Amino acid sequence: MSTSSQTQFRYTQTPSKVLHLRNLPWECTEEELVELCKPFGKIVNTKCNVGANRNQAFVEFVDLNQAISMVSYYASSSEPAQVRGKTVYIQYSNRHEIVNNKSPGDTPGNVLLVTIEGVEANDVTIETIHLVFSAFGFVHKIATFEKAAGFQALIQFTDAETASSARNALDGRSIPRYLLPGHVTSCHLRISYSAHTDLNIKFQSHRSRDYTNPYLPVNPTAMEGLMQVPVVGPDGKKQEPQSNVLLASIENMQYAVTVDVLHSVFSAFGTVQKIAIFEKNGGTQALIQYPDVTTAAVAKESLEGHCIYEGGYCLQ
């Protein structure tokens, strides 16, 4: 390594369980710091957005050996430490603890970071997450993603009080078995507070939802997310997998079809929890959510191919 290049480590400092990270991306969050450092040990404290450019941070491990492990690993690795594609420069701090700052995830906020342990990404749908957390209050937005920690979700509530109620009730608990696929034997929720206050959801999909904006564009994956492993019937032919959410395509549109109209039609078969109408490929489609698969199946069987209005208009 040339002496003119910026080195990633300083070897002359006395080791400390507090590491100083530089060249971080703008507004780096506690979650991102913990994600980078947690493979080497338990993080007990962080201090983010330090310095004039707010691109530095301090991370405190539970003991000295864990901090040494991280520094040693990246000192010998051909791949530098990175956050959002930026190389992060790491050195020991001259402080031995971080003071006047709460542990990551302990500061109450209106957005929860939920790690769902024991499942793969496709095992838990965004509808299931919404159903579980909306029991504690209105859920504004959900964003799901996969990290080294596993399948995770950011869930935005109206305020910190509602988020705290959900966290206190669900942290360490399991999602009910009847909401999960049969092959999932255990599923635990690990919940902390996120530094985010307002999630930026660009479109509705099977990975992200904004329940406050019905006019947000719908990504095709919103429908693809409903499709699971193909089910094969006794005759060997592929069967359509069942879901508590119906996708209705409305043809021969001559009259307006609103949320109220669809609710009137589909609620004849059971409680309709949610309806979303959108345009796709020049046609009108809607997602209708029931509490369970059985109710959805009855509605599908009864309404498929039928018209909303007399005269063959608005065929479903």
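A residue is called buried here when its relative accessible area is under 20%. By that yardstick, seven of the eight residues of helix α1 (residues 30-37) are buried in this predicted model, so the helix is largely enclosed by the rest of the structure. The buried ones are E30, E31, E32, L33, E35, L36 and C37.

What does α1 lie across? The helix crosses β1, β2 and β3, and it runs at about 130° to β2. Helix α2 (residues 64-76) also packs on the sheet, where it touches β1, β3 and β6, with its direction making about 140° with that of β6.

The sheet itself is open and has four strands, lined up as β2-β3-β1-β6 with antiparallel pairing. At its edges sit β2 (43-50) and β6 (89-92), each of which pairs on one side only. On average, neighbouring strands are turned by 20° against each other, direction ignored. Inside the sheet, β1 (residues 18-22) and β3 (residues 56-61) run antiparallel and are joined by four bridges; V18 stands opposite E60 in β3.

Now for the nonpolar cores. In soluble globular proteins, nonpolar side chains tend to be buried together. The largest core here has 26 residues, and L112, I116, I129, F133 and I155 touch the most other members. At least two residues of this core come from each of β7 (111-117), α3 (126-133), β8 (139-147), β9 (150-157), α4 (160-170) and β10 (188-193). A second, separate core of 21 residues includes L33, L36, A57 and V71.

Back in the largest core, I129 contacts I116, V124, I142, T144, F151, A153 and I155, leaving aside neighbours within four places in sequence.

How values were computed:
Residues numbered from 1 in each chain as written. Predicted model: local features only at pLDDT ≥ 70, side-chain atom pairs only at ≥ 80, totals over all residues. Heavy atoms only, no water. Buried < 20%, exposed > 50% of the residue type's maximum accessible area, 1.4 Å probe, protein only. Core = buried A, V, L, I, M, F, W, Y, C linked by side-chain atoms within 4.5 Å. Contact = heavy atoms within 4.5 Å. Pairing = 2+ DSSP bridges. Axes fitted to C-alpha atoms, helices over the stretch in contact; angles between N-to-C directions.
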